[in-house]
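I opened this model to see how one helix is covered by another. My notes follow in the order I looked things up.

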Amino acid sequence: MSLNKLALLFALAAAVAHADGPTPSRDLPAAPTTLQEAEAQEQLAADLRREADRLRDEAQKIFVREDAACYDRFLVNACRDKVRQANIDRMRLIRQKEVDANQIDRLAKARKIELEASQRVAPQPTMRPLPQAGAPEADEPARSAPAAQVPADAQKRADAAREAAARRAESDRQKRQADAAKRRVDVER
């Protein structure tokens, strides 16, 4: 078999396997609009999961009982195949319940997070923002609230710190340039 045919075969097998996977039912409840609805839907999802667990335990007991009963029959393998297929069908239904529960839970939790985030109060600015240059209010003095007064000594310290940082940056730049010039001279030799 050529490599192209083999790749096509694997691609088709993957597509078929993916298509057979369970998808959420169409009759799921609508997305919640309030926190109470979201919590109720989370509870519904938990109830669905508990029911699926109970059904899975029951299906396992039925499978074991029916499979054991097949050994008393004449066509044992045919009987066991029927029992296995019936068990697979039951498990599909159970798995669908779990998928629905997961979908309900996912939507409820996402909506709950959105609602809680929208209810949080955004922090209020503590100072009035500076006006933009060229804006009409930039040319007018502030009428509503006095501008925040910065102590003179704090302003002097801030200015001194900025100047010291600028001097350090300039000396670092000059040192880097001197080092680069020295390396160029060493390379030319």
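Entry 1. I listed the buried residues of H2 (buried means under 20% relative accessible area with a 1.4 Å probe, protein chains only, exposed over 50%, partly exposed in between): Leu-35, Ala-38, Gln-41, Glu-42, Ala-45, Leu-48, Ala-52, Ala-59, Ile-62, Phe-63 and Asp-67. I note that this is a predicted model, where local features need pLDDT of at least 70, side-chain atom pairs count only at pLDDT 80 or more, and totals for chains, interfaces and linings use all residues. Residues are numbered from 1 along each chain as its sequence is written, and side-chain values use heavy atoms, with hydrogens and water left out.

Entry 2. I checked the length of H2, residues 35–69. Its 35 residues at 1.5 Å each should span 51 Å (1.5 Å times one less than the number of residues), and the end C-alpha atoms are 51 Å apart, so the two agree.

Entry 3. I looked for what covers the buried residues of H2, and helix H3 (76–119) is included. The axes, lines fitted to C-alpha atoms over the stretch in contact, come within 8 Å and cross at roughly 165°. H2 and H3 are therefore roughly antiparallel, a term for angles over 145 degrees. I sorted the residues of this contact into 17 nonpolar, four polar and 17 charged.

Entry 4. I picked Asn-87, which lies in H3. Asn-87 is buried, at a relative accessible area of 12%. Beyond its neighbours within four places in sequence, Asn-87 is in contact (heavy atoms within 4.5 Å) with Ala-59 and Phe-63. I found both of these among the buried residues of H2.

Key:
Helices (H or I, at least four residues) and strands (E, at least two) are DSSP runs, numbered from the N terminus. Axes are lines fitted to C-alpha atoms, for helices over the stretch in contact, and angles run from 0 to 180 degrees between N-to-C directions. Angles under 35 degrees count as roughly parallel, over 145 as roughly antiparallel, 65 to 115 as roughly perpendicular and the rest as oblique. Ala, Val, Leu, Ile, Met, Phe, Trp, Tyr, Cys and Pro count as nonpolar, Asp, Glu, Lys and Arg as charged, and the others, Gly among them, as polar.
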